[in-house]
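Trainee: I've got a model open and would like to go through one part of it slowly. Could you take a close look with me and then place that part in the whole?

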Amino acid sequence: MAWIILIVAGLFEVAFVVTMKLSDGFTSLRYSILTVLTGGASFYLLSLALISLPVGTGYAVWTGIGAAGSVLAGMLWFGESRSAKKLFFLTCIVTGVAGLRVFSG
């Protein structure tokens, strides 16, 4: 159950970054509120997951999901480049997160 909570926390981390981008430097009230809510939800769920997961593994997976998801969101919704090098290193992040899950015991 902790892994599911951690994955949801990572997805909220992606939502946090996307809403922060949409807030235009916190000038949009609606997206600024969403940024605070999604960031709070992400940290709260991370704290719940870390009750039973090792802190190093949990934090690395959480940041990996957030980083990879943010790169994908940038490509899909904000027109950021999709170069082969960028996709290669994105794959490295996803592989690292999966590896931590498999070998964390």
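What percentage of the 105 residues of the chain count as buried? And then, for the close look: where is phenylalanine 26 placed, and which residues is phenylalanine 26 in contact with, leaving aside its neighbours within four places in sequence?

Mentor: Your first number is 32% of the 105 residues, where buried means under 20% relative accessible area, exposed over 50% and partly exposed in between (1.4 Å probe, protein chains only). Before we zoom in, keep in mind that this is a predicted model: local features need pLDDT of at least 70, side-chain atom pairs count only at pLDDT 80 or more, and totals for chains, interfaces and linings use all residues. Residues are numbered from 1 along each chain as its sequence is written, and side-chain values use heavy atoms, with hydrogens and water left out.

Now to your residue. Phenylalanine 26 sits in the loop that links α1 (2–22) to α2 (29–49); helices (H or I, at least four residues) and strands (E, at least two) are DSSP runs, numbered from the N terminus. Phenylalanine 26 counts as partly exposed because its relative accessibility is 49%. Beyond the neighbours within four places, phenylalanine 26 is in contact (heavy atoms within 4.5 Å) with Met20, Ser32 and Thr35. Glycine 40 is 14 residues away from phenylalanine 26 along the chain, and their C-alpha atoms are 16 Å apart.

The backbone deserves a look too. Most residues other than glycine have a negative phi. Phenylalanine 26, though, has a positive phi near 65°. Aspartate 24, in the loop between α1 and α2 as well, also has a positive phi, about 50°, without being a glycine. Aspartate 24 counts as exposed because it reaches 56% relative accessibility.

Let's back up along α1. Isoleucine 4 is in that helix, and it counts as exposed because its relative accessibility is 52%. Together with Met1, Val8 and Phe12, isoleucine 4 makes a nonpolar surface patch of about 400 Å². Patch residues have over 30% relative accessible area and no salt bridge, with like charges joined within 9 Å and nonpolar side chains (Val, Leu, Ile, Met, Phe, Trp, Tyr) within 5 Å. A salt bridge puts a side-chain nitrogen of Lys or Arg within 4 Å of a carboxyl oxygen of Asp or Glu.

Helix α1 also feeds the interior. The largest nonpolar core (buried Ala, Val, Leu, Ile, Met, Phe, Trp, Tyr and Cys residues joined through side-chain atoms within 4.5 Å) has 12 residues, including Ala2, Trp3, Leu6, Leu53 and Trp62. At least two core residues come from each of α1, α2 and α3 (55–77), and α1 gives the largest share, four. Leucine 53 touches Ala2, Trp3 and Leu6, setting aside residues up to four places away.

As for the whole chain, there are four helices and zero strands. The C-alpha atoms fill a box of roughly 45 × 35 × 15 Å along the principal axes. Of the contacts between residues at least 6 apart in sequence, 61% join residues at least 24 apart. The accessible surface (Shrake-Rupley, 1.4 Å probe; for residues, only the protein chains shown count as cover) is about 6400 Å², and 75% of it belongs to carbon and sulfur atoms.

Last, the record: an unreviewed UniProt entry annotates residues 6–22, 34–53, 59–78 and 87–104 as "transmembrane region". Positions there follow the numbering used here, feature names are shortened, and annotations may be inferred rather than shown by experiment. In the model, residues 6–22 are 100% helix, with end C-alpha atoms 24 Å apart. Residues 59–78 are 95% helix, and their end C-alpha atoms lie 27 Å apart.
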